[in-house]
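Take a look at the structure shown here. We will walk through it one region at a time.

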Amino acid sequence: MLEKFRFLTAGESHGKCLMAIIEGLPSGLEIDLEFINSELKRRQQGYGRGGRMRIESDCVEITSGVRFGKTLGSPVTLVIYNKDFENWQKIMSSRAEDETDEKSFTAYRPGHADYAGSVKYNQKDLRNILERSSARKTAIEVAVGSVAKLLLKHYGISWSSDIIQIGDGKTEEEFHSEIDKAKEAGDTLGGKFQVCFNNLPVGLGSHVHWDRALDGKIAQAVMSIPAVKSVSFGSGEDAYKIPGSQFHDEMFLKDGKVNRKTNNAGGVEGGMTNGEALVVKAVMKPIPTLKKSLNTVDSSNMTETTAHFERSDTCAVEACSVVAEARIACVLANEMMLNFPCDYI
Ligand code: EPS
């Protein structure tokens, strides 16, 4: 099926820049640059972020598709420059004559893409895998997602996200003390979060084919965020605990319209939005770049060693929830364009 709102991104963690091409936006959409940059700032924040976030102050440059603050209907190109590139120019050079093994590494980080990526792409220097597998690329995804959000906002759709749990902590104070403890131990922490979208029309997605089910599309979009290990809708993860008579959201009439007292379905039934809030929950595993290095194998001489560490975040769950919001916004923007096609607004 031809999707309507599509995008591609490019860029390495310590390369010159991250970039994206967005296709499928109608013309006339107001592009609020301040909003996009405030979303980028949200992604950089959250208790437990590491050194890189003190180097970067992500902001986007729009290089095509927008004139005088409004989309033209042509592809929109976004660029975020990596400030840290200044320190990596030689190491990340595209020129053959600059080749160096400075910053190369060969000890796989368990939990990261290093092992499978190096086998798949036949790379000896694991830097060649790290650079694109790094969660750094989620910065440009958040920029794309904020453009998608501007489209959704035009249709009166709103969103929010919340952290549910980090380690054993369920309140903000507890999150902070859990993160402090992990940091002191050279360890990392994952967590559980929730993203909601409100005021969606009934019928986004479809029951007619497996690849048109909205929950399937959203699950793919959220599951593929680095470090996400589970995605569920509404009370989905607890659905095995109660009988159908208690799980399903009974209907009643309010002002002649279908209404519900509960939203265990998380706003999706039969692969389609049902008019209730879309509630997506996800679990992020602890970041696998650990100061307290894990046991691993060195691929250069096949000996046992400890994993590579450069620097890392202790906890990036808050950032992950911002990325999830952005990814879901892209899926929903696509569904809106499929359901309500328009060349201009
Ligand atoms: C990140 C940028 C990365 C890491 C982090 C997230 O930058 P650097 O590698 O230069 O510190 O801080 O990514 C990871 C720890 C990881 O394992 O992918 C970012 O921009 O969010």
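In this predicted model, an oxygen atom of the ligand sits 3.2 Å from an N or O atom in the side chain of Arg136. Thr289 offers a similar approach: an N or O atom in its side chain is 3.1 Å from an oxygen atom of the ligand. His14 takes part too. One of its polar side-chain atoms lies 2.6 Å from an oxygen atom of the ligand. In total, 15 residues are found around the ligand. Those that come nearest are His14, Arg43, Arg52, His112 and Arg311.

Now turn to the sheets. Strands of a sheet pair through backbone hydrogen bonds, and the pairing can be parallel or antiparallel. One open sheet has 4 strands in the order 1-2-6-3, paired antiparallel. Strand 1 (6-10) and strand 3 (60-64) stand at its edges. Each has a single partner strand, so one side of each is left without a neighbour in the sheet. On average, neighbouring strands here are turned by 20° against each other, direction ignored. Look at one pair in detail. Strand 3 and strand 6 (residues 76-81) pair over 4 bridges in the antiparallel sense. Within this pairing, Ile62 has Leu78 in strand 6 as its bridge partner. Helix 1 (residues 33-44) lies across strand 3 and strand 6. Its direction runs at about 135° to strand 3.

A second open sheet also has 4 strands. Their order is 7-8-14-9, and the pairing is antiparallel. Which strands form its edges? They are strand 7 (158-166) and strand 9, and each pairs on one side only. Neighbouring strands of this sheet are turned by 20° against each other on average, direction ignored. Helix 9 packs on the sheet. It touches strand 7, strand 8 (191-198), strand 9 and strand 14. The direction of helix 9 makes about 35° with that of strand 8. Strand 9 and strand 14 run antiparallel and are joined by 5 bridges. Here Phe233 stands opposite Val280 in strand 14.

Helix 7 (residues 214-223) comes next. Its buried residues are Leu214, Lys217, Ile218, Ala221 and Val222. Where do the buried residues fall when helix 7 is seen down its axis? They fall within an arc of 125°, so they line one face of the helix. These buried residues pack against strand 9 (228-233), strand 13 (272-273), strand 14 (278-284) and helix 9 (317-339).

Helix 9 also holds Met337. Is Met337 buried or exposed? With a relative accessible area of 2%, Met337 is buried, because buried means under 20%. Leaving aside residues up to four places away in sequence, Met337 touches Lys4, Gly24, Pro26, Leu151, Tyr155 and Cys342. Compare its position with that of Met302. The two are 35 residues apart along the chain, and their C-alpha atoms are separated by 51 Å.

Arg260 is another buried residue, at 9% relative accessibility. Find Arg260 in strand 11 (residues 257-260). What does its side chain reach? It reaches the backbone oxygen of Asp249 at 3.0 Å. A polar contact of 2.7 Å also joins the side chains of Arg260 and Glu269. Beyond the residues up to four places away in sequence, Arg260 touches Asp249, Glu250, Met251, Phe252, Glu269, Asn274 and Glu276.

Finish with two loop residues. Most residues other than glycine have a negative phi. Asn122 is not a glycine, yet its phi is positive, about 55°. Asn122 is found in the loop between helix 3 (114-121) and helix 4 (127-133). It counts as exposed, at 67% relative accessibility. Asp255 has a positive phi as well, near 50°, and is a residue other than glycine. Asp255 lies in the loop between strand 10 (251-254) and strand 11. With a relative accessible area of 77%, Asp255 is exposed.

Methods. Residues are numbered from 1 along each chain as its sequence is written. This is a predicted model: local features need pLDDT of at least 70, side-chain atom pairs count only at pLDDT 80 or more; totals for chains, interfaces and linings use all residues. Side-chain values use heavy atoms; hydrogens and water are left out. Buried means under 20% relative accessible area, exposed over 50%, partly exposed in between (1.4 Å probe, protein chains only). The arc is that of the directions from the helix axis to the C-beta atoms. Contact means heavy atoms within 4.5 Å. A polar contact is a pair of N or O atoms within 3.5 Å; within protein, one must be able to donate a hydrogen and the other to accept it, and residues adjacent in sequence count only if both atoms are side-chain atoms. Two strands pair if DSSP finds at least two bridges between them. Axes are lines fitted to C-alpha atoms, for helices over the stretch in contact, and angles run from 0 to 180 degrees between N-to-C directions. A residue is near a molecule or strand if one of its heavy atoms lies within 4 Å of it.
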